[in-house]
Amino acid sequence: MAGNFSRDLTIRQLRALSAVHAARSITSAANQLNLTQPAVTLQLRNLQALAGLPLIQRTGDGMALTDAGAHVLALIERIEAALKDCEQSLDMIAGRSGGRVAMGAVSTAKYFVPFAIAAFSRRFPKIEVTLRIGNREEIRDALRGYDLDIAVMGRPPADVEVEMKPLGRHPHFIIAAPDHRLARRRHVATSELANETFITREQGSGTRMLMQQYFERVGLEPKLGMAMDSNETIKQAVMAGLGIAFISQHTVFHELEDGRLVVLKVKGLPIVRQWHAIRRTDKILLPPAQAMLDFLGKEGWRYLPNSR
């Protein structure tokens, strides 16, 4: 490799390569960059000299990247993202903007996370918060892919190092319609559930996995009915008498208060898990995201349904 790649490389050279890749021609790239065609050609020539390899080639469809050029393009994308993060951080420090926070939450957490975000936004009105809702696997994948600053969920991916801040208790139990045959029983044995039809969440849901673990532990094979990707639909199905459901307390708080659903007093329930605010330890949080993480760690418990 000619020269010192890491020492002599410049942003102008990288942006010239990126522009040629996007525009497929040096002339169009020059117009995009507000430079002359010779200036872009010079930047590319110097970059290829540093790499010691051809980075672009002419094809019938215009200029295209070589394999080496594709590797350099990936470097450009990472550098541009880092520059944007730095700009955002400097703007916030200087008081020019509030910055942004990308959050994700498993679907069961949608019953309290918006309340926490609203309280945070009243305290930090200049910070823009985006929220992505998905099932357990979708949020884990987003966390793995660095798409999120913070995820609210029960357990993180096992293959990612994370920092976790506990938010509060997360109970799970079995619900039924008020006129269900077991609704008024003071004690329900697990064996009495064998002939009941369970309305369940979809595969990949944390609630479904927890239900399966519970039934494996008590040695019961439940009769599974419809699988649904919405807690709201499950609640309606149970109220309609289509079956019973293993579900998070936080999804049915109001229905229990109103008497539209009841909790079956089954031995060994509720199962209590813990909510966490999670972030990857290898993802540097900018001040807005760090402020949100600190807020959730100190005050997130206040917005759980049983706390409100």
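**A turn after helix H4, and the chain around it**

Right after helix H4, Gly 52 takes a positive phi of about 75 degrees. The model is a predicted one, where local features need pLDDT of at least 70 and side-chain atom pairs count only at pLDDT 80 or more, while totals for chains, interfaces and linings use all residues. Residues are numbered from 1 along each chain as its sequence is written, and side-chain values use heavy atoms, with hydrogens and water left out.

Helix H4 itself covers residues 37–51 (helices are DSSP runs of H or I with at least four residues, strands are E runs of at least two, both numbered from the N terminus). At 1.5 Å a residue, its 15 residues should span 21 Å (1.5 Å times one less than the number of residues), and the end C-alpha atoms are indeed 21 Å apart. Val 40, Gln 43, Leu 44, Leu 47, Leu 50 and Ala 51 of H4 are buried, meaning under 20% relative accessible area, with exposed over 50% and partly exposed in between (1.4 Å probe, protein chains only). Looking down the axis, these buried residues fall within an arc of 125 degrees (taken from the directions from the helix axis to the C-beta atoms), so they line one face of H4. Pro 38 and Arg 45, on the other side of H4, are exposed.

Two more positive phi values turn up in loops. Most residues other than glycine have a negative phi. Arg 24 goes against that with a phi of about 70 degrees; it sits in the loop between helix H2 (11–23) and helix H3 (26–33) and, at 32% relative accessibility, counts as partly exposed. Asn 34, in the loop between H3 and H4, has a positive phi near 60 degrees and is exposed, with a relative accessible area of 70%.

Further along, the peptide bond from Leu 269 to Pro 270 is cis, with omega near 5 degrees. Most peptide bonds are trans. Pro 270 lies in the loop between strand E10 (262–264) and strand E11 (271–280).

Zooming out, the chain has 11 helices and 11 strands. Its radius of gyration (over C-alpha atoms) is 27 Å, well over the 19 Å that the globule rule (2.2 Å times the number of residues to the power 0.38) gives for 308 residues, so the chain is more spread out than a compact globule. The C-alpha atoms fill a box of roughly 85 × 45 × 30 Å along the principal axes. Buried residues make up 45% of the 308.
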